[in-house]
Amino acid sequence: MGLKMRVLLVLAMAICLPSAAYAAEGTATFYTPPYVPSSCNGYQNDGVMIAAASDAIWGNRAACGRSYRVTCIGATNQGVPKPCKGNSVVVKIVDYCPPGCRGTIDLSQEAFTAIANPDAGKIKISYTQ
């Protein structure tokens with residue numbers, strides 16, 4: 001491979017990598033069982049590391065089946081000032097959180113509890129697909 005081609009390849013990688021690592025920010029809430037039926041998969045059991053997508057990411061069902069890494073980054077209220085547990089969870093979108101949804105992503109109770117104190121009810125998050 002010629003020097004010009006290598007330089008172009010390195011430049012292309014430098015431009016693309018930051019966008020691949022970008023995490024969006026939003027809020028998360030949680031919902032409780034039963035988790036079926038779901039908008040995406042009907043009565044199929046998708047486990048408990050699942051979530052419902054708000055209009056912000058739903059895309060007219062395009063979000064169905066997508067996986068997101070969700071990280072708690074802070075509190076949204078004074079009730080639990082430090083709700084985060086310091087880790088992330090990967091969830092699969094299986095449902096729709098309709099207009100009026102209080103969060104960007106509505107996590108299953110189990111997924112929410114894995115990253116934050118459920119007493120918070122709503123948290124600030126970062127998420128990547």
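**Exercise 1. The surroundings of S38**

Which backbone oxygen does the side chain of S38 reach, and at what distance? Use the predicted model to place S38 in the fold and to describe its surroundings.

*Solution.*

Step 1. Locate the residue. S38 belongs to the loop that runs between β1 (24-31) and β2 (50-53).

Step 2. Determine its exposure. Buried means under 20% relative accessible area. The relative accessible area of S38 is 9%, so S38 is buried.

Step 3. Identify the polar partners. The backbone oxygen of V94 is reached by the side chain of S38 at 3.1 Å. A polar atom of the S38 side chain also lies 3.1 Å from the backbone nitrogen of N41.

Step 4. List the contacts. Once neighbours within four places in sequence are set aside, S38 is in contact with D46, V94 and D95.

**Exercise 2. The salt bridge of K92**

Identify the acidic residue whose side chain meets that of K92 in a salt bridge, and explain which parts of the chain the pair ties together.

*Solution.*

Step 1. Place K92. This residue is in strand β4. With a relative accessible area of 30%, K92 is partly exposed.

Step 2. Find the partner. The side chains of K92 and D46 form a salt bridge, with an N to O distance of 3.4 Å. The count of salt bridges comes to one.

Step 3. Consider the general principle. Side chains of opposite charge can pair when their charged atoms come close.

Step 4. Interpret the pair. Because K92 lies in strand β4 and D46 in the loop between β1 and β2, the salt bridge ties together parts that are 46 residues apart in sequence. D46 has a relative accessible area of 19%, and therefore counts as buried.

Step 5. Complete the surroundings of K92. Leaving aside neighbours within four places in sequence, the contacts of K92 include N41, Q44, M49, I50 and A51. R66 and S67 are also among them. G65 lies 27 residues from K92 in sequence, yet their C-alpha atoms are 5.8 Å apart in space.

**Exercise 3. Strand order in the barrel**

In what order do the six strands of the closed barrel run, and how do β3 and β4 pair?

*Solution.*

Step 1. Trace the barrel. The closed barrel of six strands follows the order β1-β5-β2-β4-β3-β6, and its pairing is mixed. On average, neighbouring strands of this sheet are turned by 45° against each other, direction ignored.

Step 2. Examine one pair. Strand β3 (residues 67-75) pairs with strand β4 (residues 88-96) in the antiparallel sense, over five bridges.

Step 3. Name a bridge. S67 has K92 as its bridge partner in β4. K92 is also the residue whose side chain meets D46 in the salt bridge.

**Exercise 4. Unusual backbone geometry**

Locate the cis peptide bonds at P34 and P37, and state where N60 and R61 lie and how exposed each one is.

*Solution.*

Step 1. Recall the general expectation. Most residues other than glycine have a negative phi, and most peptide bonds are trans.

Step 2. Inspect the prolines. The peptide bond from P33 to P34 is cis, with omega near 5°. Another cis peptide bond joins V36 and P37, where omega is about 0°. P34 is in the loop between β1 and β2, and so is P37.

Step 3. Inspect N60 and R61. N60 has a positive phi, near 50°. R61 has a positive phi of about 80° and is not a glycine. N60 lies in the loop between α2 (55-58) and β3, as does R61.

Step 4. Compare their exposure. N60 is exposed at 70% relative accessibility, whereas R61 is partly exposed, with a relative accessible area of 41%.

**Exercise 5. The nonpolar cores**

Which residues touch the most other members of the largest nonpolar core, and which elements give two or more residues to this core?

*Solution.*

Step 1. Recall the general tendency. In soluble globular proteins, nonpolar side chains tend to be buried together.

Step 2. Name the central members. In the largest nonpolar core, which has 25 residues, V70, L107 and I123 touch the most other members.

Step 3. Assign the elements. Two or more residues come from each of β1, β2, α2, β3, β4, β5 (105-108), α3 (109-115) and β6 (123-128).

Step 4. Examine V70. Not counting residues up to four places away in sequence, V70 touches, among others, V89, V91, I105, L107, I115 and I125.

Step 5. Note the separate core. Another core, of six residues, lies apart from the largest one and includes Y35, I50, A52 and C97.

Notes:
Residues are numbered from 1 along each chain as its sequence is written. Side-chain values use heavy atoms; hydrogens and water are left out. Helices (H or I, at least four residues) and strands (E, at least two) are DSSP runs, numbered from the N terminus. Buried means under 20% relative accessible area, exposed over 50%, partly exposed in between (1.4 Å probe, protein chains only). A polar contact is a pair of N or O atoms within 3.5 Å; within protein, one must be able to donate a hydrogen and the other to accept it, and residues adjacent in sequence count only if both atoms are side-chain atoms. Contact means heavy atoms within 4.5 Å. Two strands pair if DSSP finds at least two bridges between them. Axes are lines fitted to C-alpha atoms, for helices over the stretch in contact, and angles run from 0 to 180 degrees between N-to-C directions. A nonpolar core is a set of buried Ala, Val, Leu, Ile, Met, Phe, Trp, Tyr and Cys residues joined through side-chain atoms within 4.5 Å. A salt bridge is a side-chain nitrogen of Lys or Arg within 4 Å of a carboxyl oxygen of Asp or Glu.
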